[in-house]
Amino acid sequence: MNIEISEVANLPSRFGDFNVKAFKQGAKEHLVIAAKELAEVPIVRVHSECLTGDAIGSLKCDCRDQLEYGLKMANETGGMVIYLRQEGRDIGLLNKINAYALQDKGFNTVEANHQLGFAADERTYEVVTFILNHYNINKIKLLTNNPDKINSISGVEIVERIPIIMEPNMHNSAYLNVKRDEMGHMLPKD
């Protein structure tokens with residue numbers, strides 16, 4: 001894997017005082033936000049970019065809530081957030097907005113992606129193994145509901161899966177049900 005790695009920089013934030021490092025994989029620039037002192041078996045949140053949720057606070061998803069929870073956990077437990085540049089389940093921002101428009105017409109998130117010619121989820125996670133190896137991490141506690149993340153991380157022992165359950169709202173409850181029922185995410189029933 002041909003990946004360019006940045007230097008380490010300090011990143012004080014409202015969630016804690018972190019070290020930050022970038023990993024450039026082709027056109028994608030991923031980010032690792034890590035506690036100053038990593039635990040022996042750190043809690044790791046693998047988070048895919050969601051501009052509408054993470055930055056703007058969209059209520060159509062639970063992304064921002066998950067990101068903020070992951071950052072708080074990283075700070076409190078000596079963990080890290082691996083922020084992957086895979087906008088819109090890796091269909092890009094333009095197609096994500098087109099998928100939103102289809103959702104406005106009654107398609108669910110999976111159906112909208114299919115209408116645009118994409119799989120339900122185009123993301124991959126090979127770079128996560130590369131990043132964890134870079135940090136000499138061989139055991140983690142993975143903060144996720146997504147079985148694809150669990151199954152895609154190789155060479156690193158996942159000693160525990162920690163659920164990341166956010167309170168649904170009137171705008172994202174149907175979306176969360178589709179994630180559970182059609183995409184296999186480990187989420188509770190309403």
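In what follows, a residue is called buried when its relative accessible area is under 20%, exposed when that area is over 50%, and partly exposed in between, with a 1.4 Å probe and protein chains only. The structure is a predicted model, in which local features need a pLDDT of at least 70 and side-chain atom pairs count only at pLDDT 80 or more, while totals for chains, interfaces and linings use all residues. Residues are numbered from 1 along each chain as its sequence is written, and side-chain values use heavy atoms, with hydrogens and water left out.

Salt bridges were identified as pairs in which a side-chain nitrogen of Lys or Arg lies within 4 Å of a carboxyl oxygen of Asp or Glu. By this rule the count is seven salt bridges. One of these pairs is R85 with E49, whose closest N and O atoms are 3.1 Å apart. R85 lies in the loop between β6 (80–84) and α3 (87–90), and E49 in the loop between β5 (43–48) and α1 (51–55), so the salt bridge ties together parts that are 36 residues apart in sequence. Helices (H or I, at least four residues) and strands (E, at least two) are DSSP runs, numbered from the N terminus. R85 is partly exposed because its relative accessible area is 34%, whereas E49, at 16%, is buried.

A second salt bridge joins the side chains of R14 and E68, at 2.9 Å from N to O. This pair links distant parts of the chain, as R14 is in the loop between β2 and β3 (16–25) and E68 is in helix α2, 54 residues apart. With a relative accessible area of 65%, R14 is exposed; E68, with 18%, is buried. R14 and E68 also belong, together with R64, to a network of salt bridges. In a further salt bridge, the side chains of E87 and K96 meet at 2.7 Å, N to O. E87 counts as buried because its relative accessibility is 7%, and K96 is likewise buried, with a relative accessible area of 7%.

Pockets were located on a 1 Å grid over the protein atoms alone: a pocket is an open set of points with protein on both sides within 12 Å along at least five of seven lines, whereas a cavity is a set of points where a 1.4 Å probe fits but cannot get out, and lining residues have an atom within 4 Å of a point. The largest pocket has a volume of about 280 Å³, a volume being the space filled by probe spheres set on the points, with grid points joined across faces, edges and corners. Its lining consists of 13 residues, of which F15, I33, L67, L71 and Y83 lie nearest the centre of the pocket. Two or more lining residues are given by each of β2 (9–13), β4 (28–35) and α2 (63–77). Helix α2 gives the largest share of this lining, four residues. By residue class, the lining comprises eight nonpolar, one polar and four charged residues; Ala, Val, Leu, Ile, Met, Phe, Trp, Tyr, Cys and Pro count as nonpolar, Asp, Glu, Lys and Arg as charged, and the others, Gly among them, as polar.

On the surface, L51, I56, L93 and I97 make a nonpolar patch of about 350 Å². Patches are made of residues with over 30% relative accessible area and no salt bridge, with nonpolar side chains (Val, Leu, Ile, Met, Phe, Trp, Tyr) joined within 5 Å and like charges within 9 Å. Accessible areas come from the Shrake-Rupley method with a 1.4 Å probe, and for residues only the protein chains shown count as cover. L93 is found in helix α4 (residues 92–104) and counts as partly exposed because its relative accessibility is 36%.

Backbone angles were also examined. Most residues other than glycine have a negative phi. D90, in helix α3, has a positive phi, near 70°, and is partly exposed, with a relative accessible area of 26%. The phi of N136 is also positive, near 55°. N136 is found in the loop between α6 (126–134) and β7 (139–143) and is exposed, with a relative accessible area of 68%.

Two pairs of residues far apart in sequence were also recorded. I162, in strand β8 (residues 157–162), is 117 residues from R45 in sequence and 9.5 Å from R45 in space, C-alpha to C-alpha. I162 counts as buried, at 14% relative accessibility. D62 is placed in the loop between α1 and α2 and, at 3% relative accessibility, counts as buried. The C-alpha atoms of D62 and H171 are separated by 9.9 Å, with the two positions 109 residues apart along the chain.
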